[in-house]
Each structure stands twice: as C-alpha cells, then as structure tokens.
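Reader: Hello! Could you take me through one part of this model at close range, the sheet of chain C and the elements around the sheet?

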Amino acid sequence: MISFRLDGRSVVPPYLQIVQQVRQALRMGVLDVGDKLPTVREVVAATAVNPNTVLKAYRDLEREGLVEPRAGLGTFVVGRPSGPPPGTHSRLARSLAQWVHSAREAGLDDESIESLLRITLRAAAEEETA
Amino acid sequence: MTWLVWRQHRTQAYFAAAAIAAFAVLLLITGRQMASQYQAALTACAASHTCGNLANTLNLGSPVVSFLVTLTVAVPCLMGVFWGGPLVAREVETGTTQFAWMQSVPRSRWLAAKVGWALLAAAAWGGAVSALVTWWSSPVNALKQQNFQPSQFDIQGIVPIGYAVFAVALGITVGALLRRTLPAMAITVAVFTLLRLVVGQDFRSHYMTAVTKTFAFLHHLPLPAGSYWQVSGGVVGPGGHISSSTLAGSGAHLSIDGLPVNLVSLPAACRNLAFQSPQKFFPCLTAHGYHGFIAYQPADRYWAFQGVETGIFVLLAAALIAVTAIVILRRDA
Amino acid sequence: MMASRDPVAIQTRGLSKLYRRVTALSEVTVTVPEGRISALIGPNGAGKTTLLRVLSGLARPTSGEVAVLGGPPSQDPAFLASIGFLAQELPLYRRFTAEDHIGIGAHLNSRWDGPYVRQRLESLGIPLDQPVGTLSGGQRAQLALALTLAKRPRLLLLDEPVAALDPLARRQFVAHLAEAVADGGLTVVLSSHLVADLERTCDHVILLAASRVQLCGEIDTLLAAHQVLIGPSKDTTAIERDHTLVHAVRTPRQTTLLIRRNGPVADPAFEISDVGLEELVLGYMGQQAGPASAHLTMIGEGQ
C-alpha cells in the first residue's frame, strides 16, 4: 500500500501533494489498477493532515478518472494517468531549449528564468479560472 | 457521583474507621470495668451508710483513659480541618474540578454528593464517638453528677454531632471561598474554636432563664437536686441588688460559702468584720438584709439544652452550606 | 469542498468578558462551522483561554451572545455530554491510575467508550495501572485526550494541549485528534501559539490579539484572499485604494505589502506571492503594535 509523505515547507498545498504522489506511484508501477488507497483515517493517522484535505485529494483523483470510491469498501484505483501522445515531450523540450538559449543571451540567470516561469504559470492559471 | 466520592475519600474512611474501632475497644473494656467498680462501691457504702460521701472518696477509672475521653472535645475540630477544609479547596487548587465538571454531571450534583456524604460522615462519626463517651461516662455521671458542666456537656449527648456537622460545613465553606487548602484549614480551626467558646461561655447559660435560689448565710445551702449547672452566685442585698457575679472582678475578694464576693460592694459597717471577727460578719450581713443566692439551670433541663445547642450548630451549618452552594454554582470555575 | 452552509458549531456575537481590572475579551464575534479543526491563535494573554472557558460554560460572559451547538452553554447534562474541554494544566487526579479515570468516566458520563481508551493507551505504550502523576507530560496529554474523546463529544475545546510536548508527542497527539475528526461528527477548536505545526491539520483559524478578533474563517479561503506584493519603493496609494492593506514593510529600496485582495492586482512592478498561514497571522499581528520582529520571536519560537 502506498504511504504519503507530506512536505510542510513545500509551496505545493498538501492536497495537491497527495494527488501528485498517487499519480507518480501509478506511473512508477507502485500502484496499479485494482489496488486500494489508504483510508482517509489511515492517511490522517500517519500524517496528521486534516481529513478534508485527503477527501479533496481523493475527489480530484476521482474527477480525473484515476480512482473510484466503493461504498463500505474504500477507494480503489481504476485508471492510469494519461500521458501526452508520443513525441509531444521531445517536441516541447526542443522549443523550450531554444527559448532558454535566447533568455540566457538576454542576460537572465537560472533564478530569473525560474521566477519568470512561476509568474507565467500563475497568470495562465488565473486566466483559466477567469 | 457516589462511586467517585467513595474512591476519593476511601483512605480517609478506612483510617477513621480504624481509629474509631480502636477507641471503641478501649472504651468498652474500661467502661465495663468502671461500671462494675461503681456497683461494688455502691454495695459497700450501702452497708456502711457512707454513700453520701462517695463522690469525694471514690476514684473511678484510670486517669489516662479519662484524659483521652476529655480529648474527644477536639474531634469535631479535627473533622472540620481534615475532612471539610480540603473537600472543595483541594480540587479547586489542583484543577481537578475542571475535569469533574466537564464530565456529564452538573456542578450542583457534584457539590450535593460531596457535601452530602461529608456531612453524613461527620454526623455518623461524631455520633459514634459521642455515644461511646456517653455510655462510658454513665458511672461517672451517676457518681459526680457533673454532666451539665461545660467540660462534660461538650463531649456527651448529641451536641458533638452538631459540632461535627458544623465544623465540616465550616471547613468546606472556607475552602470554597479561599480556594486554597492550607489557609482554609488554619482559618477553620480559628473560627470553629472561637465560635464554640462564644456559644459555650456566653450563650449557653441564656438558653432558658436560670432559676434563682436565695438562702440565709451559714445555713446549709439547699442545693438543687441532681446534675444542675450553676451559672452564677453571690450575695444579694436588700432591694435585690447583686453584689457579685461568677466572673472575677477587680478589687478585694472574699469567698462566702464558696461564692466569690467583691468586698467593696458590701455595706461599710460589715467590711472590716470580714477578716477581724468572722463570726460577727455574717450576722452583720443578715442584719443589713443580705442573703446569698445561686442561679442555676436545673438538671431536668439538660436535654433541652443539648437540643438547643445542637440546633444552633446545625442551623449554622445549613447557612454555611448555602453560602458554599452560591459560591460554587455562581462563580466562574 | 466544504460548503459554507454547514451547520454552525460555535457562534458568538459581540462577546466580551471583563474581570475586575482586565478586559479578557472585547466584542468577539466568531463563527466555527461543524466538522472543522479550528486553530485559535494568538500571543499569550490575548484571551484564548478565556474564550475557550466561556464556550465550555466554565466562565460566564460579561456581555454579548454565545451559542455552542445551537444554544448557550449550560449545566444541562445533555450539553455537558456533547462538549469536551481540556484545560492547559491537563487536570487529572494525580493519585488515581488511568484505569481509575476510565472508571470515573464510566460512572459520570451517559455515553462512554472505555475500551477505546484502553486500546488507545495500549497502542501508545501508556500503562493503565500507574498513578497518573508518575506519567510523562506527553503520556498525560494523550490520556487526557483519550478520556475527553471517550465521551464521544460533538465539540472539543483544547487549551494549548501540545505546548509542553516534544515534537514526536505533538505529532502523535494531533494525529490522534485528526483521526477522531475523520470518524465524523466532531468539531475541534485548539488554541496554540505555535502556528507552523497547525497549518496542515487545521482548516479554520481564529486569530485573537489584545482580546480582539483579527481573523476568523476557513484557512483556504483566507489564504486565497491575501497576497504578498514585493516591489521597489514607490507610491502605493493606488494599490492601497483598490485593496485592503494589512501590513507593510518599507525600506529605502523595497516595499513589501500584505494585502487582502479585491480583484487582481494591476501594478506590474510588484511580484506577487501566495501567503502561508504563518505569514498571514504575523501580518495581522504586525498591524497590531510595533515592529513585526517582536511578534516573529513570539510565534516562531513558541514558549
């Protein structure tokens, strides 16, 4: 069974850490379809996290189609995270490398690049929710 | 709540039971001895017609046990200090009231159980000690007829029950007010002792109007019968003015028939005769219209007095418990 | 997530508590919906203990309204059975054993789960037959919590329960608490002056400072509503007009603003960051009095 490890100092909120750890476990093969996720109670006992946080994470995973709650039995894995179509990663990696090259030429160091990336991601997220 | 009260005070109860058992054994054994000693003496004096003087010649029982019996006057005070003082104060001090009051039992029920059992225990133990002492003292009472005197009155009959209940109520109330055990214990001793003295010395003689008997000097005093309690005595002049009291005053004193008399209050003509020619002193007083008097409470009023005094202390206890209830139930925890 | 229409476990309006010379609480208005684990935060002397004592019925308010689980706190056995209060001193009978306490609870409570306490203590390795006074602080805290939970209350009020515990004991205690909430039907308010520990477990916060409420609400909502803006030292009137300024730190070169947002922030010169609970609390306390650094010490180290 998977056990969760929450980093209190990470910028990623706890519920998202749980979601990410489930997805990662599925990708790595630690979890597979048919496996039972720890109960809310078990996660809470191990991590002292708020029960609603776990509920929220499991709901998000359910919405993504990765898990399914079965009344009285628990929450079970029903799917694997869908990866992007083959070749997408390498295509995007190439355009990103070009962008990083021009950014470096403009004089940005790694820290500025990361900062810019964070701001851009945030703005994009706000646009999506708007 | 009963279970909790028992669990909390179990050790105290065992200790008190052991103490009373030991006391009972001692008194039962020596009491029986005293009773048979007295019976034997009565038989003997009846034969020689000397029973009238028995009170002066017979020493009943051992002085050690008698002393122990007189010490039982302290029992109510001890109960008040050790059972009453800590009852509420200790729990407030250690914070365990916050535990008890957050169980599903209201404060009123908690208080009623603790106070109720404490007062019941006080009455029971006080009553047991007093019953033993009263039974043990019956030969002495018959012989010396002194059970109405303060030293005996306080430890026999039913007043010790009243004292015990009051002492414990006092301890509980002071503890509830002060919220600290040791100061509560100290103040309980002080207030209890003071009140007992005031009631015993000042109030008791006035529960009923004393009977007054006058007599001519040098005649045999027609003493009242049985275990009467003399509250005052002295010399009364013509027109009823009293020349002395039982309390010592300032100035020269003379003892007339065992009664203290302040010389200054006597007619001038007789004063000098008091020491120079005693045989003329009394006729002089009688000639001036002076008589002796005693004021006393008759023996048949003994139980009435016991009842009144017990009632006073029980009422005081009730008033104190009312104060405790108000304090505990209305004050912030 | 949680609906804001959840029934309310605690509701106070204008609650004030005055002692002879001291104002312990001043016009406190808070709402705690059911099912929350609420952190009652504030420096020492802010009124946290007083608020908890008023909510539990141990103290009476001077003025204002208090509603706990639907009505004012009372001595009614049904009410007493539905709330649990754990005072900071962990009041237990020192000479009694844990087993004795279980017996006391069984006799004094209508609803009582004795086996739960025994099983809990066994799993923590706490002996049942030793006088409670001989147990360590952490063990006593766990015992007290188990006893309070054994009566199956609907609302649990805890006053600085983890202040004297080591980090492991603290974690076990809070996990125990969160587990009980996971089982359902329980709302918790726990007071603390250590914020960092509580952020992952609590979903609601009440910030008390100088006997007044500075913040009260769901943590996620509050965090989403606030942002930190870092930028060059310049005129910030426009930002302050559009949004609510909570706390500002200005140096000759840089300005840091903690704001309560009212729409998106228009000024591109400022870098926007999310706020964590600790920073938010510090910001609201910083506006209270004096430099933020004094309060940093108070909360960061914990007493």
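Author: Happy to; here is the sheet, followed by the helices on it and the contacts of the chain.

This is a predicted model, where local features need pLDDT of at least 70, side-chain atom pairs count only at pLDDT 80 or more, and totals for chains, interfaces and linings use all residues. Residues are numbered from 1 along each chain as its sequence is written, while chains are lettered from A and ligands numbered from 1 in the order in which they are written.

In chain C, 6 strands make an open, mixed sheet in the order 5-6-7-3-8-9. Strands here are DSSP runs of E with at least two residues, helices are runs of H or I with at least four, and both are numbered from the N terminus; two strands pair if DSSP finds at least two bridges between them. Strand 5 and strand 9 (212-218) of chain C are the edges, each pairing on one side only. From one strand to the next, the twist averages 10°.

Strand 3 (residues 37-41) and strand 7 (residues 187-192) of chain C run parallel, joined by 5 bridges. Leu40(C) has Ser191(C) as its bridge partner in strand 7 of chain C.

Helix 9 (residues 277-286) of chain C packs on the sheet and touches strand 3, strand 8 (204-209) and strand 9, at about 30° to strand 8 of chain C. Helix 5 (residues 137-150) of chain C lies across strand 5 and strand 6 (155-159), at about 165° to strand 5. Such angles run from 0 to 180 degrees between N-to-C directions, with axes fitted to C-alpha atoms, for helices over the stretch in contact.

Strand 5 (83-86) of chain C also supplies at least two residues of the side that touches chain B, where contact means C-beta atoms, placed from the backbone, within 7 Å.

Definitions and conventions. Two residues are in contact if their C-beta atoms, placed from the backbone, lie within 7 Å.
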